[in-house]
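Student: I'd like to go over some labels people put on structures and see what backs them up. Can we do that with this one?

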Amino acid sequence: MQDINIKITDRDGVKHEIVAPTDMAMNLMEVVRSYELAPEGTIGICGGMAMCASCQCYVTSDTELPEMGDDEEAMLSEAFDVKENSRLGCQIQMTPEMEGLEVELAPES
């Protein structure tokens, strides 16, 4: 069992230093929800299926992430406020390799 330290900047620009478990098969979107860093009903609307982009975030650290899957790429191609460093939080699993991850939640669209 290993927890990791990540930083999440919420939609109000407030930076939160979070301890996230790596032994619960959680993804970044679920961590944001569990810490209530976004209002209820504004993140993870599709339940983490890469179908709504409500969990879009901007990766601001040099953390190496897994390759983007076809579903994530397709969803981001249709999303608003997409940047080069955009990813879907539901597709970023909390693993020991994510130690030091820093993200900023994209604006609610």
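Tutor: Sure, let's take the salt bridges and then the nonpolar core, bearing in mind that this is a predicted model.

Student: How many salt bridges does a search of the whole structure find?

Tutor: Two turn up.

Student: What makes E102 and K15 a salt bridge?

Tutor: Their N to O distance is 3.9 Å, and the cut-off is within 4 Å, so the pair qualifies. E102 sits in strand 5 and K15 in strand 2, 87 residues apart.

Student: Why is K15 called partly exposed?

Tutor: K15 has a relative accessible area of 49%. Exposed would need over 50% and buried under 20%, so K15 falls in between. E102, with 23%, is partly exposed too.

Student: And how do you know that R87 and E72 form a salt bridge?

Tutor: The closest N and O atoms of R87 and E72 are 2.8 Å apart, which is within 4 Å, so the label fits. This pair joins strand 4, home of R87, to helix 2, home of E72.

Student: Are R87 and E72 buried or exposed?

Tutor: Buried: R87 has a relative accessible area of 9% and E72 has 2%. The limit is under 20%, so both count.

Student: Which residues have the most contacts inside the largest nonpolar core?

Tutor: I6, I8 and M94, in a core of 30 residues. Helix 1 gives the largest share, four residues.

Student: What does I8 contact, beyond its neighbours within four places in sequence?

Tutor: Its contacts include V14, L28, V103 and L105, and K15 is also among them.

Note on methods. Residues numbered from 1 in each chain as written. Predicted model: local features only at pLDDT ≥ 70, side-chain atom pairs only at ≥ 80, totals over all residues. Heavy atoms only, no water. Salt bridge = Lys/Arg side-chain N within 4 Å of Asp/Glu carboxyl O. Helix = DSSP H or I, 4+ residues; strand = E, 2+ residues; numbered from the N terminus. Buried < 20%, exposed > 50% of the residue type's maximum accessible area, 1.4 Å probe, protein only. Core = buried A, V, L, I, M, F, W, Y, C linked by side-chain atoms within 4.5 Å. Contact = heavy atoms within 4.5 Å.
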